[in-house]
Amino acid sequence: MRTGTIPRALGTAAALAALLTTALAAPAVAERSTTPGRAPVQAAAPADFTHPGVLVSRPQLDFVRGRVQAGAQPWKSAYDQMMGSKYASLTRTAKPRAVVECGSYSNPNNGCTDEREDAIAAYTLSLAWYITQDGRYAQKAIQIMDAWSAVIKDHTNSNAPLQTGWAGSSWPRAAEIIKYTYSSWPNSGRFGTMLRDVYLPEVAGGSHSNGNWELSMTEAAIGIAVFLEDRAAYDKAVGKFRGRVPAYIYVTADGSLPKVAPGSGLDTRAKVINYWQGQSTFMDGLSQETCRDLTHTGYGLSAISHIAETGRIQGQDLYPEIADRLRHAMGLHAKHQLGTPVPSSLCGGSLKDSLGPVTEVGFNALANRLGYAMTNTQTLTERQRPAGSNNLFVAWETLTHANNPA
């Protein structure tokens with residue numbers, strides 16, 4: 001029986017007693033609200049979707065185009081980096097397949113890299129089209145998207161949900177730009193059918209694996225929902241986002257333990273600590289994957305910022321809800337990546353790897369738009385410019401979001 005559902009045979013008194021018993025019996029860890037001190041805000045898809053509206057909007061694209069044309073930095077160097085990459089090639093040949101099979105750590109890798117990189121290429125080419133207004137880039141993006149929409153039927157093996165989330169995050173960004181700024185895309189409907197039938201079912205239900213999985217899957221789901229103008233899918237994705245972000249980034253207001261995602265089954269302290277990679281000391285900005293490594297943490301933080309950015313474009317600003325968590329997380333990890341010694345209370349005094357090119361979107365939103373002081377994040381962001389691609393689902397964010405006021 002779903003939580004909150006009362007069998008019709010129960011009388012009013014019995015129903016109230018059943019609800020009270022359920023509330024009292026539920027584990028304290030699992031029942032804490034996701035936002036301290038206030039009731040959750042209900043998801044609300046826009047009555048009219050904004051296009052292009054996945055990660056980048058038309059005003060943002062116009063700002064970028066103007067900066068590049070003026071030769072202004074850091075946009076010009078970021079543009080040159082993008083145009084010099086393999087993803088901007090006009091001779092690229094797509095490599096679609098009916099079934100993409102991805103095992104753990106992409107073993108086996110039957111189409112996994114091809115799919116992710118073709119999706120990033122389509123997005124890259126769509127950006128190149130908008131900035132240059134050279135139709136050859138739009139046509140190449142269409143060629144790649146059409147090749148995949150004509151062939152793919154499924155994702156299989158253990159990494160299928162994550163693979164679908166990564167590729168499914170890039171495809172809608174490209175599709176939105178091409179469909180709504182280029183003159184003609186005859187097969188856009190078939191591409192939408194691909195997103196609805198092949199990608200959305202795989203990502204919409206979320207995941208109880210490490211948090212970056214569900215966040216990347218949710219990013220794909222919200223982008224697909226925008227392209228399809230599917231309000232129910234959009235609301236479901238926002239609901240997943242609101243349940244997962246407080247369970248991915250800890251702030252001291254959460255209490256002695258981090259929050260848990262709905263349905264996670266993490267109903268004891270021991271289970272929560274185990275899920276948090278064995279970390280039992282919690283501090284502002286700690287991620288569920290910090291003690292695993294900074295790279296996977298970066299995936300999660302990146303997806304959070306991407307989802308919030310898409311929501312903002314669609315008229316539903318999610319940043320204020322997650323601002324404290326995201327700014328603390330970016331600041332904590334940036335500080336240590338920049339060389340501040342790691343205390344013994346944090347992951348035994350050692351952190352692995354680096355965040356990657358993932359800070360531009362969140363930094364622009366929180367520091368430039370909302371006015372938070374983020375010294376460490378700013379230093380890291382500016383040091384990493386121009387931010388390139390992680391070859392999974394992040395690409396060219398210095399170009400698209402550095403100091404972008406739109």
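Start by selecting helix α5 (residues 112-132) and helix α7 (residues 160-181): they pack at an angle of about 25°, and their axes lie 8 Å apart. Axes here are lines fitted to C-alpha atoms, for helices over the stretch in contact, with angles from 0 to 180 degrees between N-to-C directions. The model is predicted: local features need pLDDT of at least 70, side-chain atom pairs count only at pLDDT 80 or more, and totals for chains, interfaces and linings use all residues. Residues are numbered from 1 along each chain as its sequence is written, and side-chain values use heavy atoms, leaving out hydrogens and water.

The angle makes α5 and α7 roughly parallel to each other (under 35 degrees).

Next, show the side chains where the two helices meet (contact means heavy atoms within 4.5 Å). On α5, pick residues including Tyr123, Leu127 and Trp129; on α7, those in the contact include Trp166, Trp171 and Ile177. By class, this contact of α5 with α7 has 14 nonpolar, four polar and four charged residues.

Now move to helix α6 (residues 135-149). Its 15 residues should span 21 Å at 1.5 Å a residue, and its end C-alpha atoms are 21 Å apart, so the two agree. Colour the buried residues of α6 (under 20% relative accessible area, 1.4 Å probe, protein chains only); among them are Tyr137, Ile142, Met145 and Trp148. What do the buried residues of α6 pack against? Select α4 (75-83), β3 (99-102), α5, α7 and α8 (188-203) to see.

Finally, zoom out: the chain has 16 helices and five strands, and 54% of its 406 residues count as buried.

Definitions and conventions: Helix = DSSP H or I, 4+ residues; strand = E, 2+ residues; numbered from the N terminus. Parallel < 35°, antiparallel > 145°, perpendicular 65-115°, else oblique. Nonpolar A, V, L, I, M, F, W, Y, C, P; charged D, E, K, R; others polar. Expected span 1.5 Å × (residues − 1). Buried < 20%, exposed > 50% of the residue type's maximum accessible area, 1.4 Å probe, protein only.
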